[in-house]
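Work through the exercises below with the model open. Try each task before reading its solution.

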Amino acid sequence: MSMPMPTRPEEVLGRGLQRARAISGLKSSYVCHRSYVIRRLLTSYTLQESLLRLRARVIPAMYVNALLGVSIVLALSQLGLAQTIVVNGQVITADEHTIKPAHATVNASSSNATAELFLGETHQLTDDVLANLTNLGLTNIVLFGFADPATASNESFGPCKTFPGEFVVFPGTITNRVFDLLLGGSLIQTKPFASPCYSDYGNQDTAKCNEITSHWSDNSYIQLEDRHHRLRPPSTNDPTSINAILFEGTSCVPHTVNPYALNCTIGAYPTMSVNVTDVSQIQLAINMARNLNLRLVIKNTGHDYGAKSTGAGALSLWTHNMKDIRYYEDYEEGSYKGPAFKMGAGVQVFEAYKTAHERNLTIVGAEGKVRLSKPTNLLNKSMANQCPQTVGLTGGYILGGGHSPLSSIYGMAADQVLSMEIVTADGRFVTASETSNPDLFWALRGGGGSTYGVVTSMVIKAFPEILVTTMTFSLTSGDNVSVDQFWQAVRAYFEGFINYTDAGNYAHFNLNATSGNYVWDMAPWFAPNMSKSELQALADPFFKSVGTIGIDLKPVYQEYTNFYDAWDKSFPLESWGSNLARYGSRLFPRENWEDSTKLSSTFDAIRYVVDRGGIVSAYNVAPNPKSGYPDSAVNPAWRNAVLHAIDIVAWTQDMYTELITIWSNVLTSEWGSMWRSVSPGSGAYLSESDYIEPNFQQSFWGDKYDRLYKLKKKLDPWDLFYAQNAVGSENWEMSDYIFGNLPSQNSRLCRKGTNSNRQGGMQKAEE
C-alpha cells in the first residue's frame, strides 16, 4: 500500500475525526501515567481543560496542541474498539495486510564504528516512519514517539512505575495489537516456563512438566538440544525465566522446587516480552515504556544473581536471538589493529568460543562447561559453579566487567571491547566507542547492564590460540586427614596467590563442610600459555609444603594445544533456579598477601564462613595484565585483587521462615561484614554479589560512581532503566520484601519514600 508523505504532527493531528482515531486511546491511557491522575482529570474537568492541565504534566506541547484541536470530536466519539488507519478519508482496520513493521532500512555503513551494522541493526525506527504512521492515523501511534533528554524535566510522572490494569492502555487489547503490528509479530504474552505443571494458564501437560522438572536445576544436557530435541534450560530458550527465582517470588516452579505450591502465577515475570531481532523493535519498546512510565527489563539468558532481568508488571526486551557473528581478520578501531569479532547481543559464551576456535583464535569470556561430578546434596549443588557456558557474552557479563580464565593475562572481558551499538533511553540508536560517545563507551564497560541502554552488538578483540595446562585435585578431611591438616594445606595454597597470578594463572576452587567433612575441590587450576612442566614447576613449592604436613595430594595434569579444548574439558556447568540459597562476594587485594598479618586475617575470614556451615566458591585471579588496560568503569578493586571469593548460605525446604531469615541475614551482616573488615576500601564484583550489598555504590565502582551517576541522569533522566543495585537504583525501592529485607521483584517499583503502603505483586495469571 502506498503511504502518504509525512507532514507536521500539528497539521496531521488537527484533521478532525480521522486524527481523533489516531489518538482515541489517549483519553484514558497515554495522558495517564498514573491512574489517579487521569480519573481526576476526566471527572473534574472538561476534556479541553484536562488537556490544558496536561500540557505541563505529561505530553510534549506539540501533541497537546494537536489534541486541543480535536477535543470536541473526542468528547463526542467513543473509544475505538479496534486498531485503525485512515487512507484517502476511509477508516480501515490496521492489520498485517495494511501495516508493515515500523522500520526503515538504513545503510549498513552508517555506523560510527569501523564494523558495518548487522542486518537487524539496519532496520531502524525513524522520525519519518513515525510521521508516516501518524499521517495514516494509526491508533495510539503517539505512544511510540522519541524523546529529548534536554526537555525531560518538563514531563511529570507519578511516583511509581505503571502496573498492568491501572488504566485501559496497558496491557490493553488495542495497544498490544498495534504494538505487535509495529514489531512485526514479535510480542510474547508471558506464560511462565513451569506453567505446564499447573492448570492456571490452560497449557497443563504432564509429560512436558516431567521434562521441565527433571532438568530444572541441571542444564548439562544443553549440548543435546539439537540432536535429541531436548528442551533448553529456562535461561536460554524462554523469554522470561531467570536463575534468581528467590527474588522473583518462586511464583511458578516445579513441585520439587516448591512442594507447597498450589498454582502458577506470573509473579515477577514481565507481563509481556519482545522477541528482539532488530533495532526498531527495541526502539518501539523503549519509547512505549518511557511514554507510559512502564517498568522495562532486558533479558538475554537470565543468569544474573540479582534478578536484574525480571520485574512485576514489566515489559521485557528478550535479546537472546540476536545471534549474528562476523569476523574481521585485520580490524582497525582507535589504536587497535588486529583480529576481532562483531557479535550480537544474544551470543553466548559457548557460541563465541566455538566460533573463535574455528579460526584458531581465542577471546576473553566466562568459564563453565560440564559438571565434574554429580552433587551429593542440595547444598553442594548450590555451590557447584558460578560462570556457565550458557552466559550471554555481550550482555550483562561484559557490561558488568566480566572476569575470565584469561583475565590474569589479558584483563577483564570489558577491556577487550572496541565499540558497541546501543539504543539509549530516548529511543535513539547510537555507536559507543573511543571516538563516538566516549563517555557512554566508558560507562558501558563495567558500569553494569540495564542502566544506560540496550546493547545490540559489540566488536571484541581476539587473540591467537595458546597452549593451556590444567590441574585438578580434591582433598577431604576424615580418617587420614585431620581438620588441622586440611586447613594447613589450604593455607599453603593461599601463600602462593601472587606468584600464580603473576604467571598468568587462574584457579577456581570450592571449600565446604556441608557433608560433615571438610572438602576442597580444585576445579580447575588453569594455566594459559604454560606447558605441563611449567605448571608443575610453578606449583612445586605448594606440593612440597603439603607433603611436610603429611598429606599426599595427587594432582591430575592435562596439557592442551588450545584454549577452547582446555575450557571445553575443564570447567563445570552451574546449577540453576534454586530458591534455597543466597550469595555474597568480596574482592581481596594483593596487599593482603604482602603482609603476613593481613593474610592471616583474610584466611581466617574465609575459614570462618566454612566453619559455620557456609560454602566458599573462589577464584585466584588478577585482572591487571602487564600490557595494561583501558580506562573504563570497571571496578578499580578488580585491578588490585588476587582473590574473588563468593560466600554462599543455603537452607532446606523444611526450614521455618524465621530460621531462613536468620540464615539469610548472616550472609550480609556477619560473614559479609567480616570479609569487608579485612579488606577495607576494596569492593565486590557486581554480577556475583550480595543482593543487598551495603554501600553498593562504593563496593561495585569505588571512586567512579559519581561520574557514572551523573551520566545516568544525563542520558536517562526518566529513569527508564532500572535494576537492583544498578547505577541510580538508590532512588527507587520495591514495595514488598522477602524475609523482611530482600526487595521482592514481585512488587511495585516506586521512587524512594513514596511507598506509604506496601503493595503486593502480580498474583493472578492474566486472562
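The exercises go from the whole chain to one strand, a helix pair and a sheet.

This is a predicted model: local features need pLDDT of at least 70, side-chain atom pairs count only at pLDDT 80 or more, and totals for chains, interfaces and linings use all residues. Residues are numbered from 1 along each chain as its sequence is written, and side-chain values use heavy atoms, with hydrogens and water left out.

**Exercise 1. Take stock of the whole protein.**

Step 1. Count the elements: the protein has 27 helices and 26 strands. Both are DSSP runs numbered from the N terminus (helices: H or I, at least four residues; strands: E, at least two).

Step 2. Check burial. Of the 767 residues, 63% count as buried. Buried means under 20% relative accessible area, with a 1.4 Å probe and protein chains only.

Step 3. Check contact range. Take contacts (heavy atoms within 4.5 Å) between residues at least 6 apart in sequence: 74% of them join residues at least 24 apart.

**Exercise 2. Describe the surroundings of strand β21 (residues 615–620).**

Step 1. Recall the general pattern: side chains in a regular strand alternate between the two faces of the sheet.

Step 2. Sort the residues by face. Ile615, Ser617 and Tyr619 lie on one side, Val616, Ala618 and Asn620 on the other, and all are buried.

Step 3. Find the neighbours. Strands pair if DSSP finds at least two bridges between them. β17 (residues 506–512) runs antiparallel to β21, with five bridges. Five bridges also join β21 to β22 (residues 641–650), again antiparallel.

Step 4. Pick out partners. Leu511 stands opposite Val616. Ala618 has Ala645 of β22 as its bridge partner.

**Exercise 3. How do helices α24 (residues 596–611) and α25 (residues 657–677) cross?**

Step 1. Read the geometry. The axes come within 9 Å and cross at roughly 165 degrees. Axes are lines fitted to C-alpha atoms, for helices over the stretch in contact, and angles run from 0 to 180 degrees between N-to-C directions.

Step 2. Classify. α24 is therefore roughly antiparallel to α25, a label for angles over 145 degrees.

Step 3. List the interface. Ala605, Ile606, Tyr608 and Val609 in α24 meet Glu670, Trp671, Met674 and Trp675 in α25.

**Exercise 4. Lay out the open sheet of five strands.**

Step 1. Write the order: β9-β10-β14-β12-β13, with antiparallel pairing.

Step 2. Mark the edges. β9 (325–333) and β13 (429–433) each pair on one side only.

Step 3. Add the twist, which averages 25 degrees from one strand to the next.

Step 4. Inspect one pair. Five bridges link β10 (residues 336–344) and β14 (residues 454–461). Lys342 stands opposite Val459 in β14.

Key
Buried means under 20% relative accessible area, exposed over 50%, partly exposed in between (1.4 Å probe, protein chains only). Angles under 35 degrees count as roughly parallel, over 145 as roughly antiparallel, 65 to 115 as roughly perpendicular and the rest as oblique.
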